[in-house]
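Reader: I have a structure in front of me. Please show me how to read it, feature by feature.

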Amino acid sequence: MLRSVRPINLQHKHIVAGMAPTSLYSLQLYEQSGFTNEAGAAIHVVPNAVGLLQRLGVHVEEKGAVLLEQIRALKQSGELLSTTDNVKAAGRWQNKWFLTHRAHLHKHLKEVATSADGKGRPVQVHTSSKIVNTDPHTGTVVLQDGTQVHGDLIVGADGVRSATRAAVTEKEFLPFKSNHSAMRFLITKDSALADPVTRDWATPNGSMDMWYGPNDLKIVLYPCVNNTLFNFVCIHPAALSGTSDDYNESGSKDKLLEIYRDFEPRVLHLLDKADANTLKVYPLFDMDTLPIFVNDRLALIGDAAHPFTPHLAQGGAMAIEDAVSLAITLPLGTTPDEVPERLELYNQARYGRATTVQNNSRLVGTGELKCTFPPFLEHSMSGANHRL
Ligand SMILES: Cc1cc2nc3c(=O)[nH]c(=O)nc-3n(C[C@H](O)[C@H](O)[C@H](O)COP(=O)(O)OP(=O)(O)OC[C@H]3O[C@@H](n4cnc5c(N)ncnc54)[C@H](O)[C@@H]3O)c2cc1C
């Protein structure tokens, strides 16, 4: 059933879908980039996303994703606070919890969306096609080069700096930088195993480690690509790294080592293995909650609808839930006239859940909610498969 309206919006890109009453619809996806520069970073594919992806034929574990087996929490001094057996804990959820390289997940989603297999037509991808204007009533988008495209449905899946969002509400909603930024990079596991200071620590497979320091300093480390790479997310007060608004800014390794200088030697040895050429620093964006995700023939999904801080590893998962929910509300045979009322249903299905998880993530970031992995995640991790 999930394939009935091929949920190509899982690709998370901008889509104009023109559906004819005879179901001879076509799905057009407009992406501003050339798709050549995928982020060199990993992502949690949490249980609520895993189940949905599997039903779509996306099995991340077949493309190098690593099963999250344990979670270690430590103080910056190296004192171990807790070790959670995640395989045991994950028994409470319907699906497993994986860690994957973003580029692999992206490629896999694109393959499914553009494959000739399955019901419906494959999506047609138009890269280097930036959308600058959207009319939700006529179903029109305008590209930067002036081209106008018409469809019966527009899905705004254009991320935190969405251009389509402005067509949903009268009031303008703009993202703003939160108090935190994150430095991100990958190192090889081999390099950690070759270092006598980090060898023992780096040996177990499938381990996510979180070091907590004072003053909002946190380092999260987890493996991906068949346990051959470690992904680092180093969260810190934004003022310490002085990020611009660029979402893909190069970071300074000297700054990284300075910010975390009081952390234990194992951590410092690991950070020192970062490649200065690929180290990125990201401002973490937030935004006031939108009152609604739809307007007439336009539906927002993912960060366009609800930008996510990373503190619960749920932003991508919510985008996937949105996309599947939208596909269910628009089965094959839906007529153009029915689109606006179907989108209202999509809004009803998604608004409460997505904004609740978004707010929980925000509160974990400000320290107003304690994220005791994994029990706190119970609400986020389950539910989706029952609801959709
Ligand atoms: C440090 C960090 C760690 C994170 N970790 C996790 C995690 O472990 N698990 C998780 O689930 N989530 C995580 N997230 C959140 C997750 O990355 C986002 O929520 C998710 O990428 C949102 O997907 P999206 O498709 O809505 O937007 P995006 O991934 O931002 O995709 C939007 C796309 O739209 C394109 N676009 C933008 N504007 C236009 C335009 N005008 N015209 C055409 N195309 C356009 C962009 O080029 C881009 O390709 C993390 C976020 C951060 C910052």
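Author: We go from the whole chain to helix packing, then strands, then single residues. Keep in mind that this is a predicted model.

Reader: How many helices and strands does the protein have?

Author: The protein has twelve helices and 20 strands. Of its 388 residues, 46% count as buried. Now look at contacts between residues at least 6 apart in sequence: 74% of them join residues at least 24 apart.

Reader: Next, helix packing. What describes two packed helices?

Author: Two things describe such a pair: the angle between the axes and the distance between the axes. Take α1 (residues 47-55) and α9 (residues 315-329). Their axes come within 9 Å and cross at roughly 40°.

Reader: Which word fits the arrangement of α1 and α9?

Author: Oblique; an angle of roughly 40° is neither under 35 degrees nor in the range 65 to 115, and α1 and α9 are therefore oblique to each other. The crossing of α1 past α9 is left-handed.

Reader: Which residues of α1 and α9 meet?

Author: From α1 come Asn48, Ala49, Leu52 and Leu53. From α9 come Gly316, Ala317, Ile320, Glu321 and Val324. The residues of this contact of α1 with α9 divide into six nonpolar, two polar and one charged.

Reader: Why do residues three or four places apart in a helix point the same way?

Author: An α-helix has 3.6 residues a turn, so residues with that spacing point the same way. In α1, Asn48 and Leu52 both belong to the contact with α9. Ala49 and Leu53 do too.

Reader: Which residues of α1 are buried?

Author: Pro47, Asn48, Ala49, Val50, Leu52 and Leu53. After α1 comes Gly57, with a positive phi near 90°.

Reader: What about α9 and α10: what angle do their axes make?

Author: The axes of α9 and α10 (residues 339-366) cross at roughly 160° and come within 9 Å. The two helices are therefore roughly antiparallel to each other. Their crossing is right-handed. On the α9 side, the contact uses Met318, Asp322, Ser325, Leu326 and Thr329. On the α10 side, it uses Arg342, Leu345, Tyr346, Ala349, Arg350, Ala354 and Val357. The residues of this contact of α9 with α10 are seven nonpolar, two polar and three charged.

Reader: Now strands. How do strands of a sheet pair?

Author: They pair through backbone hydrogen bonds, either parallel or antiparallel. Here, one open sheet has three strands in the order β3-β7-β4, with antiparallel pairing. β3 (42-45) and β4 (66-67) stand at the edges, each with a single partner strand, so one side of each has no neighbour in the sheet.

Reader: How many bridges join β4 to β7?

Author: Two bridges join β4 to β7 (residues 98-101). Val66 stands opposite Leu99 of β7.

Reader: Is Phe98 in β7 buried or exposed?

Author: Phe98 of strand β7 counts as buried, with 25 C-beta neighbours inside 10 Å. Leaving out residues up to four places away in sequence, Phe98 touches Val45, Val50, Val60, Glu61, Ala65, Val66, Leu67 and Leu68. Phe98 and Pro47 are 51 residues apart in sequence, yet their C-alpha atoms are 7.8 Å apart in space.

Reader: Which strands pair with β15, going by the bridges?

Author: β14 is one partner: four bridges join β14 to β15, and the two run antiparallel. Asp209 has Leu221 as its bridge partner in β15. Strand β16 (residues 229-237) is another, joined to β15 by seven bridges and also antiparallel. There, Pro223 has Phe230 of β16 as its bridge partner.

Reader: Why is β15 described as largely enclosed?

Author: Six of its seven residues are buried, so β15 is largely enclosed by the rest of the structure.

Reader: What do the hairpin turns look like?

Author: β14 and β15 form a hairpin with five residues between them. In that turn, Asn215 has a positive phi of about 55°. The hairpin of β15 and β16 has four residues between the strands, and Val225 takes a positive phi near 50°.

Reader: Which residue in the loop between β14 and β15 should I check next?

Author: Asp216 lies in that loop, between β14 (207-212) and β15 (218-224). Its phi is positive, near 65°, and Asp216 is not a glycine. Asp216 counts as partly exposed, with 16 C-beta neighbours inside 10 Å.

Reader: Where is Ser128 found?

Author: Ser128 sits in the loop between β8 (124-126) and β9 (131-135). Ser128 is not a glycine, but has a positive phi of about 50°. Ser128 is partly exposed, with 14 other C-beta atoms within 10 Å.

Definitions and conventions
Residues are numbered from 1 along each chain as its sequence is written. This is a predicted model: local features need pLDDT of at least 70, side-chain atom pairs count only at pLDDT 80 or more; totals for chains, interfaces and linings use all residues. Axes are lines fitted to C-alpha atoms, for helices over the stretch in contact, and angles run from 0 to 180 degrees between N-to-C directions. Angles under 35 degrees count as roughly parallel, over 145 as roughly antiparallel, 65 to 115 as roughly perpendicular and the rest as oblique. A crossing is left-handed if the near helix is turned anticlockwise from the far one by less than a right angle, and right-handed if clockwise. Two residues are in contact if their C-beta atoms, placed from the backbone, lie within 7 Å. Ala, Val, Leu, Ile, Met, Phe, Trp, Tyr, Cys and Pro count as nonpolar, Asp, Glu, Lys and Arg as charged, and the others, Gly among them, as polar. Two strands pair if DSSP finds at least two bridges between them. A residue is buried if 20 or more other C-beta atoms lie within 10 Å of its own, exposed if 12 or fewer, and partly exposed in between; C-beta atoms are placed from the backbone.
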